[in-house]
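Here are my notes on the pockets and the surface of this one. Have the viewer open while you read.

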Amino acid sequence: MAKNIYLTDQTGLGWLGASFAFGGLVGSVVLSSHRFEFRAAQTMVLAAAVWFAVDVLFAFSTQLGVGMALLWLAGLAQSLCMTPLAAVMLRATGPAYRGRVMGMRMLAIWGLPLGLMLSGPLIDRWGYAATAGLYSALGLLLTGAMAWHWRAHIWDAKAPANAPL
């Protein structure tokens with residue numbers, strides 16, 4: 001992306017990475033400040049939807065400044081998604097099983113390289129923007145399906161998954 005779309009060098013790549021990381025830092029500070037009352041499940045789903053929507057926009061951006069702003073927002077949304085996800089998983093699990101649950105979460109993440117290996121041939125065939133847009137749109141679609149399927153547990157303010165963070 002940095003080299004072929006934004007036509008920048010290692011410095012531009014560093015700025016892109018730093019933009020995402022700074023957004024994540026801001027999200028973590030917001031969550032840990034306890035100035036806002038976030039319902040964990042609702043925050044997780046809404047932030048995931050924002051994250052994937054921003055990723056769709058990032059896939060089609062062609063200006064470095066716009067890409068940096070979108071990555072900052074994606075980092076913020078990722079932090080607001082993944083931290084409540086871990087909290088909900090650990091809150092709903094008995095102490096004797098927490099290590100196992102987090103281990104299974106890691107096994108699920110190990111599937112990511114399969115998607116990355118598939119993306120190489122797809123990028124060769126359709127291009128970066130179409131492939132990244134497809135992956136992000138699929139994530140947004142699946143997030144919406146998940147929110148619909150578990151709506152009673154996500155949108156009910158009194159549900160255990162929505163205890164304030």
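The points below go through the two pockets and then a surface patch.

1. Keep in mind that this is a predicted model. The largest pocket holds about 1,500 Å³ of space. If you want a place to centre a view, W51, F52, D55, L112 and Y135 lie nearest the middle of that pocket, out of 38 lining residues.

2. Which helices build the lining of the largest pocket? At least two residues each come from α1 (10–33), α2 (40–59), α3 (64–91), α4 (98–109), α5 (112–126) and α6 (128–149). The top contributor is α6, with 10 residues.

3. As for the chemistry of that largest pocket, its lining splits into 27 nonpolar, 9 polar and 2 charged residues.

4. The second largest pocket has a volume of about 160 Å³. Its lining consists of A41, M44, V88, M146, W150, H153, I154, A159, P160 and A161. Two elements, α2 and α7 (151–154), supply two or more of these residues. By class, 9 of the lining residues are nonpolar and 1 is polar, with no charged residues.

5. Now to the outside. A nonpolar surface patch is made up of M104, M106, L107, I109, W110 and L112, which together have about 640 Å² of accessible area. Helix α4 gives the most to this patch, with 4 residues. L112 is also among the residues nearest the centre of the largest pocket.

6. Is M104 buried or exposed? This residue of helix α4 counts as exposed because its relative accessibility is 55%, and the cut-off for exposed is over 50%.

Note on methods: Residues numbered from 1 in each chain as written. Predicted model: local features only at pLDDT ≥ 70, side-chain atom pairs only at ≥ 80, totals over all residues. Heavy atoms only, no water. 1 Å grid on protein atoms, 1.4 Å probe; cavity = no way out; pocket = protein on both sides within 12 Å on 5 of 7 lines; lining within 4 Å. Points joined across faces, edges and corners; volume = space filled by probe spheres on them. Nonpolar A, V, L, I, M, F, W, Y, C, P; charged D, E, K, R; others polar. Patch = residues over 30% accessible without salt bridge, like charges linked within 9 Å, V, L, I, M, F, W, Y side chains within 5 Å. Areas by Shrake-Rupley, 256 points an atom, 1.4 Å probe, with all protein chains shown as cover. Salt bridge = Lys/Arg side-chain N within 4 Å of Asp/Glu carboxyl O. Buried < 20%, exposed > 50% of the residue type's maximum accessible area, 1.4 Å probe, protein only.
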